[in-house]
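Me: Let's read this structure together, one question at a time. Ready to start?

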Amino acid sequence: MEKAKIILALDSLVDKGTLREACSYVHGIKIGLPLTLDIGVSGVKDLVKGIDVDEVIVDFKLADIGDIMVKIASKLDFADSFISHSFVGRNGALDELKGFLDSKGKKLYLVGAMSHPGWDDSLNSYTVSVIREVNPYGIVTPATRGDVISKFRHEFADKVIISPGLGTQGAKYGEAICHGASFEIIGRSIFSSSPLKALNKIVEKQREEVLRCKGAENRE
Ligand SMILES: O=c1ccn([C@@H]2O[C@H](COP(=O)(O)O)[C@@H](O)[C@H]2O)c(=O)[nH]1
């Protein structure tokens, strides 16, 4: 069966058997700083070892000078991809991180806009300009504001867009994909209780919503 367009947000510890089974339904996993602080880098390495996913993303939302971001990324060799803030800019920051990740065959995502209500979308013209300059593999945009995803998709037709903000933060499963995201990032709505049951329902709802909107697209 085709994997669902979901990236699991792992911000707290999940039993490895459950994670292994959950991963057979999804594209990837995203490792958060809270989980890494709880179990350490070696604990995270053990957790992800042997897990069958297409992508392991480290989400520490790096935001520092290039040298420090490179030092952090070089300690996390289990990751395929890293998320960084874009507001730090290219020169002396993201240029160095991108160069390092390129040399290791790893991918960079930049935050285009965040999902919480306090994010100011007037910042987005700046993040768009940094994303253009840095040319990352992908972008993080908010599922909570579909119009913002659509704008980023319009600006960056070929980039992978990953969107958090589903379920607990309010967006409907599938909604981000309908607005142009490549994958939906989902954490607490899956892991607060009975993860496999919750994931199955979410996969179903995502498929229904995407069928509904793609059907609508095809009728236009
Ligand atoms: O704007 C952003 C950027 C990143 N996140 C991250 O996504 C997940 C969302 O988890 P839920 O439990 O599904 O709300 C989490 O790891 C955040 O750090 C975000 O929410 N918003």
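**Strand β8 and the ligand**

Me: In β8, which residue is the bridge partner of L8?
Reply: This is a predicted model. L8 falls within strand β1, residues 4-10. Strand β1 runs parallel to β8, and 3 bridges join them. In β8, L8 is partnered by I186.

Me: Which residue stands opposite E184 in β8?
Reply: Look at strand β7, residues 160-164. β7 pairs with β8 in the parallel sense, over 3 bridges. Opposite E184 stands S163.

Me: Are F183, E184, I185 and I186 of strand β8 buried or exposed?
Reply: Strand β8 covers residues 183-186. F183 and I185 point one way, E184 and I186 the other. Whichever way they point, all are buried.

Me: Which strands each supply at least two residues of the shell around the ligand?
Reply: The ligand has 13 residues around it. Among those that come nearest are D11, K30 and R188. Two strands each give at least two residues to the shell: β3 (55-62) and β8.

Me: How far is an oxygen atom of the ligand from a polar side-chain atom of Q169?
Reply: A polar contact needs N or O atoms within 3.5 Å. K61 has a polar side-chain atom 3.3 Å from a ligand oxygen. For K30, an N or O atom of the side chain lies 2.7 Å from a ligand oxygen. For Q169, the distance is 2.8 Å.

Me: What share of the ligand's accessible area does the protein cover?
Reply: The ligand takes up the space of the largest pocket. On its own, the ligand has 460 Å² of accessible area. The protein covers 88%.

Terms used:
Residues are numbered from 1 along each chain as its sequence is written. This is a predicted model: local features need pLDDT of at least 70, side-chain atom pairs count only at pLDDT 80 or more; totals for chains, interfaces and linings use all residues. Side-chain values use heavy atoms; hydrogens and water are left out. Buried means under 20% relative accessible area, exposed over 50%, partly exposed in between (1.4 Å probe, protein chains only). Helices (H or I, at least four residues) and strands (E, at least two) are DSSP runs, numbered from the N terminus. Two strands pair if DSSP finds at least two bridges between them. A residue is near a molecule or strand if one of its heavy atoms lies within 4 Å of it. A polar contact is a pair of N or O atoms within 3.5 Å; within protein, one must be able to donate a hydrogen and the other to accept it, and residues adjacent in sequence count only if both atoms are side-chain atoms. Accessible areas come from the Shrake-Rupley method with a 1.4 Å probe; for residues, only the protein chains shown count as cover. On a 1 Å grid over the protein atoms alone, a cavity is a set of points where a 1.4 Å probe fits but cannot get out, and a pocket is an open set with protein on both sides within 12 Å along at least five of seven lines; lining residues have an atom within 4 Å of a point. A molecule sits in a cavity or pocket if more than half of its atoms lie within 2 Å of its grid points.
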